[in-house]
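Please open the model in your viewer and keep the selection panel at hand. The stops below say what to select next and what is to be found there.

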Amino acid sequence: MTAPGRITRAVRASLAGAMVCVAMAACATVPTTGPVVPGDGGDTAGDPYGGYVRLLPAGPQPGIDPEGLVSGFLKDMGSFEEDHKAARSYMLPDTGEAWSPDGTVKVFADLDTVDLDAEISSDGLTATVRMRSSLVATIDESGKYVSSDSGRLLDEPFVLAREDGDPDGDWRIQSLPEELILSQLDVERTHRPFNLYFFNPARSALVPDPVYLPVSNEQLPERLLRKLISGPSEWLDPAVESAFPQGTTPSLEVDAERAVIDVSVAGDVDEFAMGAQIAWTLRQLPEIQEFTLEVNGSEVDFPGSDGESADRPRPGSDHWSRVNPGAISGGVRGYYMHEGQLWSAEDWDEGNFEDVERVPGPLGAGDSLLERFAVSVDESTVAGITQGAGEVVTSFTSPGAGIEEVLSDGVFTELSWDVDGNLWVVEETEESEEGDAADEAERETAEEDADTEDPVEEGPPPTPGATALWLLRGGEEVVRVDVSGLRDTSVVHFQISRDGTRAALVTEAGGERSLQVGRVVEDADGQVELGSFVTLARELQDITDVAWRSSDQLVVLGGRDGGTAQAFLVSLDGGTPAASAGTPVASMMTISGAPGQPLVAGSDDGNIWISNDPLNWQNVVEGGAPTFPG
């Protein structure tokens with residue numbers, strides 16, 4: 001960890017196989033999709049196959065009209081068995097043979113919302129059926145799930161023809177969209193979110209890239225590995241790195257318990273990084289117990305990893321723990337404020353919470369009173385916003401440490417750390433011409449200081465009324481981050497992901513708040529941009545705080561459908577609904593989480609609450625603003 005900042009004046013510049021049907025006596029019935037059968041695998045936590053049900057399609061009925069044929073097709077499109085054999089049965093033979101869905105999906109609400117309008121030709125041999133419904137979401141070819149804005153319409157044409165050109169023949173589909181068109185129910189039944197893992201630019205932590213993939217065929221391990229090796233999604237790509245060179249085409253062999261990945265690459269390769277990406281991706285599949293990585297035909301040894309041999313490690317081995325996606329150790333302490341001092345506890349279990357201690361150093365002692373604080377991921381440094389919000393200070397968590405002012409003369413509102421020791425600070429900016437003039441004057445002063453004192457990296461100028469975001473590299477080098485995508489939007493809450501590649505924000509525009517995630521991109525000149533914002537959990541209202549619980553899940557304080565404010569868990573995959581994190585506790589104000597740790601919350605009556613299960617919150621101590629490092 002680099003020493004706290006030395007800047008002393010204001011600086012403002014920038015399946016294990018296919019699912020097998022059990023006995024027919026065990027079949028359940030879903031009215032809109034016909035008989036279904038639970039798939040093997042159970043419903044245990046972390047089991048990607050849990051809850052999968054195999055659709056037993058009805059197939060096209062004799063003598064059915066055009067609308068009925070398309071309606072039946074939409075019902076049976078959710079059957080993935082035998083390469084969509086059921087869906088192809090609704091098509092003319094040539095169409096069924098040529099139809100090759102590329103994995104993209106358009107998602108509609110349910111069959112009750114579908115409007116089918118048929119127009120039959122004058123000779124009665126062809127017909128066009130338009131299918132209209134609300135577009136709920138799309139899943140692109142890479143597997144990225146993107147929810148749609150309300151009001152978007154799905155409008156798809158299906159051209160039908162009589163079989164063999166016979167006026168009395170049955171209707172069959174002659175042409176149709178290349179994408180799959182599935183109801184929300186079918187997506188929930190057939191698809192599961194998975195993470196592909198790539199590296200942050202410093203290769204100090206892995207970063208999850210969520211994708212939605214069907215689990216209804218035996219190609220899941222291969223599909224997951226091919227997507228991993230082909231590279232990250234378009235959205236995440238500029239923010240991360242892969243140890244697999246672009247264009248790498250793997251040779252894969254997967255049996256019941258083992259995967260063999262053979263890649264041919266030129267030049268030097270980082271075999272540890274390749275193994276880490278494979279291991280963290282494969283550990284989502286319980287059937288894969290070990291893997292072998294071959295580079296240019298030679299097996300790679302991973303000494304110290306768990307497995308039958310060094311070249312056949314287990315995906316769950318601790319060998320790759322130092323680049324774990326959580327970017328944080330399992331024994332991390334939690335921190336909170338009480339009577340102006342900072343305290344920490346190693347075990348947030350209710351029975352052991354009395355084992356607490358004051359944080360060493362001047363900020364722990366309350367030598368500078370803080371409105372907000374954040375502890376570095378390695379727990380060596382505390383950063384704080386002083387009372388009045390006019391300064392940002394840092395100090396080591398060690399006796400005798402000093403306090404360093406790193407930013408001043410502003411209105412600072414949020415701060416957080418990433419795993420590489422970088423401090424991120426949010427500042428409110430002026431909306432007047434006078435404020436712009438002041439900013440310009442301070443920029444000129446900063447440039448003079450840069451020539452004579454501290455290194456400063458210039459970024460884009462402030463946007464009137466927009467939020468300013470500062471990156472303090474290692475707590476020293478100050479960079480203005482480009483957040484032009486937030487024009488005319490206020491940032492109410494902000495937290496950088498511990499891996500440093502993404503940020504979670506609560507924004508407000510026109511009196512409405514929303515939860516967004518943006519990616520962090522740094523160019524060759526060192527300029528940094530936070531942008532390409534994606535809105536999550538659109539159903540949540542009045543959001544008051546957000547934190548990273550893990551690398552792919554946020555914990556949020558907010559309400560739903562006018563209900564009481566409470567904590568919700570929000571997945572970054574875009575398709576998993578926000579889940580309640582326990583019975584609401586009155587007056588919760590702040591929330592925090594970390595991998596392997598309980599949720600912690602602070603209430604406005606000066607109490608701290610923890611939750612170790614999805615039902616109950618327990619009051620453990622007096623204090624405020626509980627938080628984990630990051």
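## First stop: helix α2

In this predicted model, begin by selecting helix α2 (residues 81-88), whose buried residues are Glu81, His84, Ala86, Ala87 and Arg88. If you then add β3 (53-55), α1 (66-76), α3 (93-98) and β10 (180-183) to the selection, you will have the elements against which the buried residues of α2 pack. Before leaving, pick out aspartate 83, which is found in helix α2 and has a phi near 55°, a positive value in a residue other than glycine. As background, most residues other than glycine have a negative phi.

## The largest nonpolar core

Which residues have the most contacts inside the largest nonpolar core? Select Ile261, Ile278, Phe291 and Leu293, which have that place in a core of 43 residues. To see where the core comes from, colour β11 (191-199), β12 (206-214), α5 (220-230), β14 (258-263), α6 (271-282) and β15 (290-295), each of which supplies at least two of its residues. The largest share, seven residues, comes from α6. Apart from this core lies another, of 35 residues, with Phe80, Val114, Val136 and Ile181 among them.

Now centre the view on isoleucine 261 and show its surroundings: leaving aside residues up to four places away in sequence, isoleucine 261 touches Leu225, Ile229, Ser251, Leu252, Ile278, Phe291, Thr292, Leu293 and Glu294.

## Two helices side by side

Keep α5 and α6 on display, and look along their axes, which are 11 Å apart, with the helices packing at an angle of about 145°. The crossing in which α5 passes α6 is right-handed. For the side chains, select Leu224, Leu225 and Leu228 in α5 together with Gln277, Ile278, Thr281 and Leu282 in α6, since these are the residues that meet. Sorted by class, this contact of α5 with α6 has five nonpolar, two polar and no charged residues.

## A four-stranded sheet

Move next to the open sheet of four strands, which has the order β22-β23-β24-β25 with antiparallel pairing. At its edges stand β22 (370-375) and β25 (404-408), each of which has a single partner strand, so one side of each is left without a neighbour in the sheet. On average, and with direction ignored, neighbouring strands of this sheet are turned by 25° against each other.

Zoom in on β22 and strand β23 (residues 381-386), which pair in the antiparallel sense over five bridges; here alanine 374 has alanine 383, in β23, as its bridge partner. The loop between β22 and β23 holds glutamate 379, for which phi is near 65°, again a positive value in a residue other than glycine.

## Tryptophan 348 and a hairpin

For the last stop, select tryptophan 348, which is found in the loop between β20 (341-345) and β21 (356-358). Is this side chain's residue buried or exposed? Tryptophan 348 has a relative accessible area of 2% and is therefore buried, the cut-off for that class being under 20%. Then draw a distance from its C-alpha atom to that of asparagine 612: the two are separated by 9.0 Å, although the residues are 264 apart along the chain.

From there, select strand β41 (residues 607-611) and strand β42 (residues 618-622), which pair in the antiparallel sense over four bridges and are joined by a hairpin through six residues. Within this pair, isoleucine 610 has glutamine 618, in β42, as its bridge partner.

Methods:
Residues numbered from 1 in each chain as written. Predicted model: local features only at pLDDT ≥ 70, side-chain atom pairs only at ≥ 80, totals over all residues. Heavy atoms only, no water. Core = buried A, V, L, I, M, F, W, Y, C linked by side-chain atoms within 4.5 Å. Buried < 20%, exposed > 50% of the residue type's maximum accessible area, 1.4 Å probe, protein only. Contact = heavy atoms within 4.5 Å. Pairing = 2+ DSSP bridges. Axes fitted to C-alpha atoms, helices over the stretch in contact; angles between N-to-C directions. Left-handed = near helix turned anticlockwise from the far one by under 90°. Nonpolar A, V, L, I, M, F, W, Y, C, P; charged D, E, K, R; others polar.
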